Amino acid sequence: MSDDLDLAQRLADAADAVSAARFRSSDLVVTTKPDMTPVSDADRAAEEAIRALLASERPDDSILGEEFGTSGDSRRQWIIDPIDGTSNFVRGVPVWATLIALAVDGVPVLGVVSAPALGKRWWAERGEGAFVRDAESPQGRRLQVSKVAALADASISYNSIQQWDWHGRLDELVALSRAVWRTRAYGDMWSYMMVAEGLIDMAGEFDLQPYDMAALVPIIEEAGGSFTSADGEPGPWHGSALASNGLLHEAVLDIIARR
């Protein structure tokens, strides 16, 4: 494990200590941001904990965080979503996680996804593979995407019908649902980690920010999969996500992409 990945794991530990303690708390404070999405005191406190540790250990690196924006202009940028799945968090649903990535010159080189309420943590670093730690594998096990090669045999997650409809892609979602074996809407980071674990074969959604995706990219790709926008653009910078086992990627893009 590199020094950067070790630090990312410790950043996740710091965030987990905050978020897990506030999960299902009776005095959780929830407000609405200007974009009408919820934010809790736990979101802000978790990002503050991450930023404090980065200020101590990587003071020259820049940061992009959901709650406190961008600081610094280094080519090394930590990209943080303190609680991905805040809507779940505030309702007591355990599907939420802290997302931590390090991008160099805009390319995510490592990612950590920590979901303490699920008892799982996923991570990857470029060239070193992707891994998950949970109750079944307390020391961690290597991840590998599925080998499903035909859409007719594929299980997919699309996050929500409303998102696809709002972005004018409902017809494409319906067409995709007719082409595959099974559709579900697992939602948030969990869909993508299920792709990395080989449990499903594709996940996609719209209306995303870089901090929603950056940590996912190395994990999906190091597990052997592909990650692009819904129109096939690489990286987490284009407002949408399509993750797959790689074998199905072009077939899915043929149905949903506008290119």
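**Entry 1: conventions, then α9**

An angle between two elements runs from 0 to 180 degrees between their N-to-C directions, with axes as lines fitted to C-alpha atoms. I wanted that pinned down before looking at helix α9. Note to self: the model is predicted.

I looked up α9, residues 249-256, and found the helix lying across β13, β14 and β15. Its direction runs at about 145° to that of β15, which spans residues 240-244.

**Entry 2: the five-stranded sheet under α9**

Next I asked myself: what is the strand order in the open sheet of five strands? I read off β12-β11-β13-β15-β14, with mixed pairing. β12 (182-184) and β14 (226-228) are the edge strands, each with pairing on one side only. On average, neighbouring strands here are turned by 15° against each other, direction ignored.

I checked one pair in this sheet. β11 (residues 155-157) and β13 (residues 202-206) run parallel, joined by two bridges. Across from Ser157 I found Ala203 of β13.

**Entry 3: the eight-stranded sheet**

I moved on to the other open sheet, where eight strands come in the order β4-β3-β5-β6-β7-β8-β9-β10. The pairing is mixed here too. I noted β4 (69-71) and β10 as its edges, each paired on one side only.

I went through three neighbouring pairs:

- β6 (residues 97-104) runs antiparallel to β7, with seven bridges between them; Ile100 faces Val112 of β7.
- β7 (residues 107-115) is joined to β8 by six bridges, again antiparallel; Ser114 sits opposite Arg121 of β8.
- β8 and β9 are antiparallel as well, with four bridges; Trp123 has Phe131 in β9 as its bridge partner.

I also looked at the turns. Four residues separate β7 from β8 in their hairpin, and Gly119 in that turn has a positive phi of about 70°. The β8-β9 hairpin has four residues between its strands too, with Gly127 in the turn at a positive phi of about 80°.

**Entry 4: how covered is β8?**

How many of the six residues of β8 are buried? I got six of the six for residues 120-125, so the strand is largely enclosed by the rest of the structure. The cut-off I used for buried is under 20% relative accessible area.

I split β8 by face to see both sides. Lys120, Trp122 and Ala124 are on one side, Arg121, Trp123 and Glu125 on the other, and all are buried. I made a note that charged residues such as Lys120 and Arg121 are on that list.

**Entry 5: Val132 versus Glu136**

Val132 is in β9, residues 130-133. Buried or exposed, I asked of Val132? It has 0% relative accessibility, so Val132 counts as buried.

I then listed what Val132 touches, skipping neighbours within four places in sequence. From β8's stretch and around, the contacts include Lys120, Arg121, Trp122 and Trp123. Ser137, Gly140, Arg141, Leu143 and Glu197 are on the list as well. I also took a C-alpha distance: Val132 to Arg142 is 6.6 Å in space, at ten residues apart in sequence.

Where is Glu136? I found Glu136 in the loop between β9 and β10, the latter being 141-142. Glu136 has a relative accessible area of 70%, so this residue is exposed. From Glu136 to Lys120 I get 9.8 Å, C-alpha to C-alpha, with their positions 16 residues apart in sequence.

**Entry 6: the α1/α2 pair**

Last stop: helices α1 (residues 3-22) and α2 (residues 41-57). Their axes come within 9 Å and cross at roughly 155°. Over 145 degrees counts as roughly antiparallel, and α1 and α2 are therefore roughly antiparallel to each other. The crossing is right-handed.

I went through the residues in contact. α1 brings Leu7, Arg10, Leu11, Ala14, Ala15, Val18 and Arg22. From α2 come Asp41, Ala42, Ala45, Ala46, Ala49, Ile50, Leu53, Leu54 and Glu57. By class I have twelve nonpolar, no polar and four charged residues in this contact.

Then I went back to the eight-stranded sheet, with its order β4-β3-β5-β6-β7-β8-β9-β10, to see where these helices go. The edges, again, are β4 and β10. α1 packs on that sheet, touching β5 (76-84), β6, β7 and β8, and its direction makes about 35° with that of β7. α2 packs on the sheet too, touching β3 (62-65), β4, β5 and β6, at about 155° to the direction of β5.

Key
Residues numbered from 1 in each chain as written. Predicted model: local features only at pLDDT ≥ 70, side-chain atom pairs only at ≥ 80, totals over all residues. Heavy atoms only, no water. Parallel < 35°, antiparallel > 145°, perpendicular 65-115°, else oblique. Left-handed = near helix turned anticlockwise from the far one by under 90°. Contact = heavy atoms within 4.5 Å. Pairing = 2+ DSSP bridges. Buried < 20%, exposed > 50% of the residue type's maximum accessible area, 1.4 Å probe, protein only.
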